[in-house]
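Okay, thanks everyone, let's get going. I'll put the structure up and talk you through a few corners of it.

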Amino acid sequence: MHDTKVLVDPAFFDREYVINPHMAGSVDRERAREQWTRLKQVYERRVDDVRVLDPRETARALDADAPSRADAAPDPADRPDMAFVANHALATADGEGFVLARMATAERAGEPAHFRAWAEREGYRVLDAPRTVFEGMGDALWHPGRRLLWGGHGVRSDRAAYDELAAALDATVVPLELTSEHYYHLDVSMAPLDEDTVLVQPDAFTDAALAKLDAVFDTLLEAPRDESSDDLAVNVEVIDDTVVLGAGLPDTAGLLEDAGFDVVTVDTSEFQKAGGSVCCLTLAAGTPA
């Protein structure tokens with residue numbers, strides 16, 4: 001259902017502000033482009049459908065549709081985090097549509113408008129964002145093989161958003177409370193690897209949230225604390241039995257391989273300076289009807 005990989009061209013990617021504890025250092029934009037291209041190539045070799053949102057194109061489309069310049073969407077040049085497409089929306093269970101995000105920070109508030117313009121042009125149906133803060137697939141992850149959605153809240157997204165999503169998506173939603181600004185999104189805290197197995201950083205959750213995960217998954221793989229805290233080791237993308245992992249994480253790679261997964265590594269060090277890695281750069285979707 002979610003075999004399409006959506007990326008955003010990193011034309012304007014940079015680290016210009018601090019809105020999470022990982023943000024530090026100066027970005028080498030040429031190297032970031034090379035890393036993003038490598039990730040795209042990894043997907044192109046493993047899935048049939050890889051789509052790219054170019055923020056320069058959506059900006060032109062939004063400007064053309066605006067009655068006046070004052071109504072135009074924010075300039076993507078002022079939105080350096082747009083490359084982190086996972087936060088823009090949540091794919092519907094069938095993959096044929098999206099629920100838009102409502103961003104928690106002013107710095108990123110204009111991004112979902114660009115995503116809507118792109119998604120509608122591609123033929124996806126687009127549902128409005130919940131009325132409260134909801135940061136897309138950064139905080140909402142589908143359980144493989146089930147119509148069950150895991151919903152992170154407590155740092156960025158609001159708990160109330162998931163009541164709206166359960167009704168809009170006709171899905172069971174299991175809220176998981178996050179406890180640390182360091183693990184500010186669900187996708188840096190857990191990664192469902194298959195129907196029975198999850199990669200998780202326990203430090204991110206309340207005891208009650210961990211108990212929910214333990215009740216549903218047969219196997220909880222605990223990510224190494226140093227690699228998940230410093231290098232976002234849990235922020236992975238899964239394609240069948242292959243896990244796409246940030247480079248330089250030998251203990252996490254070994255853990256995944258011992259569990260029976262193939263591991264492909266991609267250097268995301270420039271994007272980690274803004275607090276994101278493989279999963280943050282990717283939005284899993286389906287094909288529009």
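So, start at Val 8: its bridge partner in β2 is Leu 53. And before anyone asks, this is a predicted model. That contact belongs to the pairing of β1, residues 4-8, with β2, and those two strands run in the parallel sense over 4 bridges.

Zoom out a little. What order do the strands of this sheet come in? It goes β2-β1-β15, three strands in an open sheet, and the pairing is mixed. As a reminder, sheet strands pair through backbone hydrogen bonds, in either a parallel or an antiparallel way. Now, which strands stand at the edges? Those are β2, at 50-53, and β15, at 283-285. Each has a single partner strand, so one side of each has no neighbour in the sheet. From one strand to the next, the twist averages 30 degrees.

Something lies across this sheet too. Helix α3, residues 111-122, lies across β1, β2 and β15, and relative to β2 it runs at about 135 degrees.

Okay, aromatics. How many aromatic pairs does the structure hold? The count is 9. The one I'd like you to look at is Phe 134 with Tyr 162: the ring centres are 6.0 Å apart and the planes sit at 90 degrees, so we call that pair edge-to-face. The cut-off behind that label is an angle over 60 degrees. This pair also links distant parts of the chain. Phe 134 comes from the loop between β5 (125-127) and β6 (140-142), while Tyr 162 is in helix α4, residues 160-169, and the two are 28 residues apart. Buried or exposed, these two, Phe 134 and Tyr 162? Both are buried.

There's a cluster as well: Phe 98, Phe 115, Trp 118 and Tyr 124 together form one aromatic cluster.

Last topic, cysteines. If you're setting up a topology, you'll want the disulfide count, and here that count is 0. Why is there no bond between Cys 279 and Cys 280? For Cys 279, the closest cysteine sulfur is the one in Cys 280, and at 6.2 Å that's too far for a bond. A disulfide would need the sulfur atoms within 2.5 Å. Seen from the other end, the closest cysteine sulfur to Cys 280 is the one in Cys 279. As for accessibility, Cys 279 comes out at 9% relative accessibility, which counts as buried, and Cys 280 at 2%, also buried.

That's my tour. Questions?

Conventions: Residues numbered from 1 in each chain as written. Predicted model: local features only at pLDDT ≥ 70, side-chain atom pairs only at ≥ 80, totals over all residues. Heavy atoms only, no water. Phe/Tyr/Trp six-rings, centres within 6.5 Å; stacked < 30°, edge-to-face > 60°. Buried < 20%, exposed > 50% of the residue type's maximum accessible area, 1.4 Å probe, protein only. Pairing = 2+ DSSP bridges. Axes fitted to C-alpha atoms, helices over the stretch in contact; angles between N-to-C directions. Contact = heavy atoms within 4.5 Å.
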